[in-house]
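User: I am new to this structure and would like to know how its descriptive labels are justified. Could you take me through the reasoning behind some of them?

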Amino acid sequence: GGQEDADSSLIIYKNTALVARLFDVRKTWKITYAVTDSTTTNDFTITFTGGDILGGDFSDSRGHHGTWDAASGVLTFTFSDFESYKYTGALLSMGGTWSNGAITGTWSASLLAVSPPWWPPMPSATANKPRSSATR
């Protein structure tokens, strides 16, 4: 499939702040996966790298490598040196399905890095809290 052109508009009245939160997967994640019809899970760690938030390369804790893409809210990572494993899922929930030929299953990820994947960072709960007169 090719790309489609999109057109939209936004009208803002008064002083309104519009903040876009971008999801950056370029960190280290713990992947937990299961084969369809099995309750047994396995895991490995994976580190996504790249020049921007839309795609790049990855390596995992088992020594395998491949490429990833994060277009249109869908994360896909495909191994280049480990059979034909391909993982696809929702970018924001970091989970979905995987396949290797006729073998399929599900996966989920949890962040191992200390900084959150959101950019810009979420404001702290105390950032806009008024200070007491004793601290002014």
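Analyst: What follows is a set of questions about a predicted model, each answered by setting a value against its cut-off.

User: Why is the pair formed by Phe 44 and Phe 79 called edge-to-face?

Analyst: A search of the whole structure finds 20 aromatic pairs. The ring centres of Phe 44 and Phe 79 are 6.3 Å apart and their planes stand at 70 degrees; because rings pair when their centres lie within 6.5 Å, and planes over 60 degrees apart count as edge-to-face, the pair earns that name. Phe 44 belongs to strand β3 and Phe 79 to strand β6, 35 residues apart, so the pair links distant parts of the chain.

User: What else surrounds Phe 44, and is Phe 44 buried or exposed?

Analyst: Phe 44 is buried, as is Phe 79, and both belong to one aromatic cluster whose members include Tyr 33, Trp 68 and Trp 107. The charged end of Arg 62 sits over the ring of Phe 44, at 3.8 Å from its centre.

User: How do you know whether Lys 14 and Met 94 are buried or exposed?

Analyst: Lys 14, in the segment before β1, has a relative accessibility of 80%, and since exposed means over 50%, Lys 14 counts as exposed. Met 94, in the loop between β7 and β8, has a relative accessible area of 3%, and because buried means under 20%, Met 94 is buried. Phi is positive in each residue, near 70 degrees for Lys 14 and near 50 degrees for Met 94.

User: What makes Leu 10 exposed?

Analyst: Its relative accessible area is 59%, and exposed means over 50%, so Leu 10 is exposed. Together with Ile 12 and Leu 18, Leu 10 makes a nonpolar surface patch of about 320 Å².

How values were computed: Residues are numbered from 1 along each chain as its sequence is written. This is a predicted model: local features need pLDDT of at least 70, side-chain atom pairs count only at pLDDT 80 or more; totals for chains, interfaces and linings use all residues. Side-chain values use heavy atoms; hydrogens and water are left out. Patches are made of residues with over 30% relative accessible area and no salt bridge: like charges are joined within 9 Å, nonpolar side chains (Val, Leu, Ile, Met, Phe, Trp, Tyr) within 5 Å. Accessible areas come from the Shrake-Rupley method with a 1.4 Å probe; for residues, only the protein chains shown count as cover. A salt bridge is a side-chain nitrogen of Lys or Arg within 4 Å of a carboxyl oxygen of Asp or Glu. Buried means under 20% relative accessible area, exposed over 50%, partly exposed in between (1.4 Å probe, protein chains only). Rings of Phe, Tyr and Trp (its six-membered ring) pair if their centres lie within 6.5 Å; planes under 30 degrees apart count as stacked, over 60 as edge-to-face and the rest as tilted. Helices (H or I, at least four residues) and strands (E, at least two) are DSSP runs, numbered from the N terminus. A charge sits over a ring if NZ of Lys or CZ of Arg is within 6 Å of the ring centre and within 35 degrees of the ring normal.
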